Structures are given as structure tokens and as C-alpha cells.
Amino acid sequence: MVRRAGIDHRWSVLPVGPDNGSPVAAGGFYADDPHPGTGERMAIYADAAPTLAITAIDRLSTMLSLDGVTHLVVASCTGFVAPGIDQIIARRVGLSPHVERLLVGFMGCYAAVAALRSARHIVRSDPSARVLVIAVELSTLHLQPAVGIEPLLAMLQFGDGAAAALVTADPAGLAIDAPFATTLPASDDLIQWAITDRGFAMHLSGEVPGRIGTALADAGFVATLTGGRDIASIDGWAVHAGGRSILDSVENALALPPAALAASRAVLVENGNMSSATLMFVLARILAGPPVEQGVALAFGPGLAAEGFGFRTVP
């Protein structure tokens with residue numbers, strides 16, 4: 001299953017065992033049975049999530065100035081802490097106490113869409129706004145003992161990661177165009193995320209890729225994603241790298257050329273599925289590549305919801 005997943009690397013904030021061993025090896029975080037409780041996992045989240053997010057912010061600051069940030073939007077569904085990680089991050093990076101904050105929680109893999117969409121709405125209402133957007137997920141905090149195929153496959157997809165972006169009215173980078181949101185009918189039981197005494201337990205049905213493929217065979221559904229544009233006119237696809245089968249399903253259903261999802265597949269290979277952070281990793285790869293005239297960002301998550309937005313490179 002590991003070989004067929006299309007993932008070479010996944011990363012984790014978890015402390016490893018002696019001699020740099022695996023967290024499931026002797027002395028590692030998951031070495032004992034039963035596994036650590038939710039409280040122990042959240043203690044790591046409270047420390048590691050802001051730290052990882054700030055690493056992403058620091059890298060962003062080497063590319064552009066983060067002076068004058070007016071709003072902070074943080075997406076994260078793999079932990080809870082109060083004061084929230086938005087407040088922790090704001091304090092640690094020295095943001096003004098007057099910065100307006102928004103925490104997007106527990107929306108899953110499409111939460112980056114909600115975060116970037118919210119930032120777009122803020123900037124459209126106040127063109128002087130400078131919105132710092134962060135997606136940070138520590139999925140490896142939620143390993144569960146399992147022998148079933150579906151939960152094993154689900155856990156094989158997920159890793160940790162964080163991404164940061166600055167959304168402004170400045171004509172540079174990627175322009176976020178009209179957003180969209182829709183829900184696939186009779187699919188609310190396919191992706192579920194339950195809080196248990198032993199971390200957050202995910203249910204990711206093996207039916208998800210097929211259900212996505214069926215939805216993408218519907219012309220009305222596709223028109224929602226593309227804004228009514230012809231598929232052939234879309235020259236940039238930022239699809240959430242939820243797994244190899246999901247990317248295959250999107251590619252096959254839309255009859256896309258193999259190179260169309262190259263950025264998504266590269267993120268899957270190098271990082272795995274980092275929940276909400278994944279889409280921002282894909283957008284970063286696209287931003288570093290050839291200009292895009294008409295792009296579509298698309299992510300799927302609990303619901304089963306499909307959310308995204310159009311985008312294009314600003315010269």
C-alpha cells in the first residue's frame with residue numbers, strides 16, 4: 001500500500017524515539033499501548049503548530065515584506081487550544097494587538113479555500129487591507145490503532161505541514177478570482193472526523209474517488225468549478241493532493257492531459273496529504289512556474305464538499 005500510494009515523503013512534528021527512530025518504535029510517541037490520549041496530543045499541538053506556522057511565515061518574509069499586516073486568517077483542523085493558535089502566532093511574530101483575527105477550524109482539506117476566500121472578501125471590502133493567511137496541520141498527532149483497509153489507507157496519506165501567504169490588492173502574484181462552493185449529494189458519510197479520547201479519528205471512505213469522478217461527469221457541476229468556461233481554456237489546475245486515486249479521478253473525469261496536475265502530484269510525492277495546507281503548497285508550485293491565464297483551485301473535504309476559486313497569474 002505504501003508503494004502504491006504515490007508518496008515518497010511525509011513529515012511529522014512528533015518527537016522520535018531513541019537513536020532517531022520512528023514514533024511507533026520503542027521509546028517513540030506511539031510506542032505504548034494504548035496510544036497517548038487526546039490531552040497529550042493537544043499539548044504537542046499547542047507548542048508545535050504555532051512553531052511550524054511561524055517557520056512558514058519566516059520563509060514568506062524572505063520573499064516579500066510583511067509590514068503593515070491588518071488581518072490574520074488561520075486554518076487548522078488537527079488541534080484545539082485557547083488562546084487560539086491565531087493569538088499565539090500573532091504574539092510570537094509581533095503583530096499589532098489591533099490586527100483582526102479569524103480562525104477557520106475543523107473544515108478539513110478545503111479549509112485553505114475558506115481562508116483564502118475570506119482574505120479575498122476582506123481585501124475587496126477594504127483595498128488597503130493586508131491579510132496574512134496561514135494553514136497549519138499536524139495530522140500525525142492522530143494515529144489510530146487499526147487493522148481495516150480503509151483506515152490504514154487513510155493514515156498512509158497524511159503528514160504535517162504549514163503554508164503562509166499574503167493577500168492584498170497589490171497587482172502581483174496570483175489573483176484570486178470568483179470562489180465557488182458545492183456539496184455532492186448523499187455523501188456526508190464519506191469523510192468524517194470524530195474527536196475521541198485517543199485523538200481525532202478519521203473515516204475516509206474508499207468510495208470518495210469514485211463519487212468525485214461521478215460528480216465531475218455532470219456538466220452542471222463542472223460549470224460550477226470552471227465558472228462556465230470550457231475545460232480546454234483552463235491552463236492551471238491546483239487540485240488538493242488528497243491521494244493518488246483522487247488526483248487520478250479528477251484527471252480522468254475531466255480528460256485532462258497528464259501534465260495538468262503536475263504540481264498536485266509533486267506535492268503528494270514530496271509531502272503527502274497535509275489536509276488544509278496541501279492546496280497552498282500546490283499554489284506555491286504553480287506560482288513559481290509558467291504564468292497562468294485561467295486557473296482553477298479545487299479541494300474536497302467533509303460534506304462531501306467541493307470548494308475552490310478561479311485564479312490567474314498577475315504580470
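**View 1. Cys-77 and Cys-109 in the predicted model.** The sulfur of Cys-77 lies 6.9 Å from the closest cysteine sulfur, which belongs to Cys-109, and this is too far for a bond. Cys-109 is likewise in no disulfide. A disulfide is a covalent bond between the sulfur atoms of two cysteines. Because a pair of sulfur atoms must be within 2.5 Å to count, the 6.9 Å separation rules this pair out. The structure as a whole holds zero disulfides. Cys-77 counts as buried, since its relative accessibility is 3%; Cys-109 also counts as buried, at 10%.

**View 2. The largest pocket and its lining.** This pocket encloses about 1600 Å³ of space. It is lined by 48 residues, and those closest to its centre are Leu-60, Ala-164, Ala-165, Leu-166 and Leu-287. Strand 4 gives the most to the lining, with eight residues. Among the other elements that each supply at least two residues are helix 1 (38–61), helix 3 (111–125) and strand 10 (305–314). By class, the lining comprises 31 nonpolar, seven polar and ten charged residues.

**View 3. The second largest pocket and its lining.** The volume of this pocket is about 760 Å³. Of its 41 lining residues, Arg-10, Ser-139, Thr-140, Met-155 and Phe-158 lie nearest the centre. Helix 4 gives the most to this lining, with five residues. Elements that each supply at least two residues include strand 6 (191–196), strand 7 (199–204) and helix 5 (208–216). The lining has 27 nonpolar, 13 polar and one charged residues.

Note on methods:
Residues numbered from 1 in each chain as written. Predicted model: local features only at pLDDT ≥ 70, side-chain atom pairs only at ≥ 80, totals over all residues. Heavy atoms only, no water. Buried < 20%, exposed > 50% of the residue type's maximum accessible area, 1.4 Å probe, protein only. 1 Å grid on protein atoms, 1.4 Å probe; cavity = no way out; pocket = protein on both sides within 12 Å on 5 of 7 lines; lining within 4 Å. Points joined across faces, edges and corners; volume = space filled by probe spheres on them. Helix = DSSP H or I, 4+ residues; strand = E, 2+ residues; numbered from the N terminus. Nonpolar A, V, L, I, M, F, W, Y, C, P; charged D, E, K, R; others polar.
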